[in-house]
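Reader: I should be grateful for a close look at one part of this protein, its largest nonpolar core. Please place that part within the chain as a whole.

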Amino acid sequence: MGTLKVNLLAVAVVGMALAGCQSSRMDPVSTAPAPLQPAPSGSVSQSQLPPPGGTNQFPTAPTTGNATPAPQGNTQVAALPPENAPDLTASSVAGVWNASMGGQSCKIATPQTKFGQGYRAGPLRCPGELANLSSWAVSGKQLTLYDAAGGTVAKLYSSGQSKFDGQTSGGQNVSLSR
């Protein structure tokens, strides 16, 4: 009967151990969150929105043949390169140029050193607007000279072998040649 007492005692210990694991602290959460309310539903309508600002902000194009002709002069010639002007590359512009503006001359160095909107430029004793030159860039047929703030000093186009013609932003004719 001694082993029976030991077995009963072992069963009692195991039962008590299992009873201790059954505390209410270990019960899974039985409360589920409340269901969400469905989003309101309605009908979708379609209509034309008014233009921004309420009314058309653009004026009506003129329909009469009384268009004002473009002003004539050198300003129009310098702003647009001739159709036969060649496309430019940085290597075709790089070097030292003799600049002529308003009867005065100077030299302009145009190395291919990256700077500002294109490449560094150096005016050598240039008068007027050309004295402010600090960079240059090419775009298509156009050579543009810039000041230190990035403003345009002059726009030129190739007018022949090693020659550029154009105007400063102030309207003076300027030529570069080698």
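Author: In this predicted model, three helices and ten strands make up the secondary structure of the protein chain. Read along the sequence, their order is α-α-α-β-β-β-β-β-β-β-β-β-β. The chain has 178 residues, of which 23% count as buried. Its exposed surface comes to about 13100 Å², and carbon and sulfur atoms supply 58% of that area. Of the contacts between residues at least 6 apart in sequence, 37% join residues at least 24 apart.

Against this background, the core itself may be considered. In soluble globular proteins, nonpolar side chains tend to be buried together. The largest nonpolar core here has 22 residues, and Leu130, Leu143 and Leu145 are those with the most contacts inside it. At least two residues of this core come from each of α3 (90-93), β1 (95-101), β2 (104-110), β6 (133-139), β7 (142-147), β8 (152-160) and β10 (173-177).

Leu145 merits particular attention. Neighbours within four places in sequence aside, Leu145 is in contact with Leu130, Leu133, Ser135, Trp136, Gly151, Thr152, Val153, Ala154 and Leu156. Leu130, named above for its contacts inside the core, is thus listed again among the partners of Leu145.

A residue of strand β7, Gln142, completes the picture. Gln142 counts as buried because its relative accessibility is 13%, and the cut-off for that term is under 20%. Its side chain reaches the backbone oxygen of Leu156 at 3.4 Å. Leu156 is also one of the residues in contact with Leu145.

Notes. Residues numbered from 1 in each chain as written. Predicted model: local features only at pLDDT ≥ 70, side-chain atom pairs only at ≥ 80, totals over all residues. Heavy atoms only, no water. Core = buried A, V, L, I, M, F, W, Y, C linked by side-chain atoms within 4.5 Å. Buried < 20%, exposed > 50% of the residue type's maximum accessible area, 1.4 Å probe, protein only. Helix = DSSP H or I, 4+ residues; strand = E, 2+ residues; numbered from the N terminus. Contact = heavy atoms within 4.5 Å. Polar contact = N/O pair within 3.5 Å; in protein donor to acceptor, adjacent residues only side chain to side chain. Areas by Shrake-Rupley, 256 points an atom, 1.4 Å probe, with all protein chains shown as cover.
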